[in-house]
Amino acid sequence: MSDNTVSLALFCKVVDNFGDIGICWRLARQLHAEHGIDVTLWVDDLLSFARLCPDLDCGAALQQVGGVTVRHWRGQGGAFAPAEVADIVIEFFACDIPPGYIEAMAARTPRPVWLNLEGLSAEEWVEGCHGLPSMHPRLPLTKHFFFPGFTTKTGGLLRESTLDQQRAQFQADPAAMAAFLAQYGVSATEAAATRVSLFCYPHAPLSALFEAWEQGGAATTCLVPHGVAADAAGAFLGAPALAGAVRTRGMLTLRVIPFVAQPDYDRLLWACDLNLVRGEDSFVRAQWAGRPFIWHIYPQDENLHHKKLRAFLQRYAAPGASLAPLSLRWNGAADHAAPELAGWPALWRQFQADMPDLARHAAAWEQQMLALGDLAGNLLKFAELLRQHKDGGPEKNSGIMPG
Ligand code: TRH
């Protein structure tokens with residue numbers, strides 16, 4: 001962008017859960033570590049953030065973590081000087097940047113590049129909206145929409161440049177994997193079973209899946225982080241689902257592990273044969289684990305998420321007959337004529353049979369996604385293009401953002 005270090009402000013409002021901050025924290029770290037950007041992450045909920053990043057000081061208004069400046073975003077008030085505005089300003093998921101900051105953006109010379117980083121979807125309309133501009137109704141500012149996605153006409157997916165190497169090293173080292181699992185109490189016998197990590201929303205049909213695993217033909221060890229599916233896990237355990245709790249029934253051992261720091265969550269995915277993931281960030285990380293995964297999608301009104309799920313399943317085009325029906329069942333999106341809980345044991349048997357093919361497909365899909373470049377790099381290229389086009393960038397369309 002210039003000879004000097006580029007500065008970037010990333011605004012994150014935690015709507016619920018961990019995905020908002022999970023994605024922003026990952027992006028912030030990568031922009032700093034791989035591109036030397038001076039990143040300030042504005043985040044309104046430090047407690048949620050600390051679950052993924054135990055190094056965080058929840059009482060600090062301003063702190064440095066992993067090379068990133070973290071600023072507790074306490075509200076919409078405050079006046080800002082143009083000099084306080086970063087070269088690139090990103091709002092995550094259309095969170096409202098403080099009005100005083102926007103005024104300062106308009107007063108700054110040169111004006112910053114302003115992006116709205118959107119949520120991930122495999123639907124086709126994303127390609128048409130990626131990169132669209134939206135002019136401010138009053139100020140001389142244009143915001144551009146940046147969409148993650150699965151095709152070259154989108155911004156791609158978040159992925160660190162050294163991830164492949166780290167994962168390959170870990171997965172090639174059985175002792176490291178065993179030690180990683182052992183720290184959570186996983187015994188050698190448990191580790192020798194089919195290992196599954198479980199991250200889903202509470203409405204998932206867990207009792208049916210647990211029953212299928214219990215009655216399955218091979219031993220399954222399910223590792224569930226503390227706080228995830230706590231009611232269903234507690235019902236299976238017959239006790240509160242606290243970290244360390246474990247119970248074996250039939251062929252299933254369910255073990256509650258701590259909610260781990262974000263880099264360890266990757267290792268957990270890499271150490272398992274199958275990953276049940278949810279939302280956006282864990283869903284993407286499972287795609288980088290090179291192992292079969294099943295997605296529990298974030299629920300939306302009017303079952304909009306079912307359309308998104310189908311769009312992904314179609315794009316993913318998994319081999320075998322089980323991933324799509326199992327995923328639809330898991331998300332309550334199966335044919336209404338089919339009773340929700342029927343057929344789980346058969347579906348699971350079929351899925352197990354498909355797992356080798358699904359693992360090969362996971363590796364091929366990963367290569368396909370790698371060809372898109374990574375989201376952080378794509379975002380910076382887009383920002384540079386916008387900076388070069390002083391009148392708002394290479395606009396495909398024009399639109400007016402709401403006042
Ligand atoms: O927490 P989520 O359900 O987040 C969701 C989605 O992002 C959704 O799209 C969004 O609209 C909603 O939030 C507001 O699932 P997600 O996206 O997988 O984020 C979870 C994060 O938590 C991810 O960064 C991985 C991390 N994680 C850990 O660090 N340790 C753990 O033990 C676990 C289970 C997760």
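**View 1. The residues around the ligand.** The ligand of this predicted model has 22 residues around it, and Asp-16, Tyr-201, Val-260, Asp-281 and Ser-282 come nearest (a residue is near a molecule if one of its heavy atoms lies within 4 Å of it). By class, this shell holds 11 nonpolar, six polar and five charged residues. Here Ala, Val, Leu, Ile, Met, Phe, Trp, Tyr, Cys and Pro count as nonpolar, Asp, Glu, Lys and Arg as charged, and the others, Gly among them, as polar. Residues are numbered from 1 along each chain as its sequence is written. Local features need pLDDT of at least 70 and side-chain atom pairs pLDDT 80 or more, while totals for chains, interfaces and linings use all residues, and side-chain values use heavy atoms, without hydrogens and water.

**View 2. Polar contacts of the ligand.** Look for pairs of N or O atoms within 3.5 Å. A polar side-chain atom of Arg-278 lies 2.7 Å from a ligand oxygen. From the backbone, an N or O atom of Phe-18 is 2.9 Å from an oxygen atom of the ligand, and a polar atom of Glu-280 is also 2.9 Å from a ligand oxygen. Taken alone the ligand exposes 710 Å², and the protein buries 97% of that (Shrake-Rupley method, 1.4 Å probe).

**View 3. Elements and domains around the ligand.** Two or more shell residues come from each of α1 (19–35), α10 (262–271) and α11 (281–287); helices are DSSP runs of H or I with at least four residues, strands runs of E with at least two. The largest share, three residues, is from α1. The ligand lies between domain 1 (7–157 + 374–396) and domain 2 (163–370) because both give residues to its shell; the bounds come from an automatic or database domain assignment.

**View 4. Two backbone details.** Most residues other than glycine have a negative phi, and most peptide bonds are trans. Asn-17, in the loop between β1 (7–12) and α1, has a positive phi near 60 degrees. The peptide bond from Thr-109 to Pro-110 is cis, with omega near -10 degrees, and Pro-110 is in the loop between α3 (99–107) and β6 (113–117).

Definitions and conventions. A polar contact is a pair of N or O atoms within 3.5 Å; within protein, one must be able to donate a hydrogen and the other to accept it, and residues adjacent in sequence count only if both atoms are side-chain atoms.
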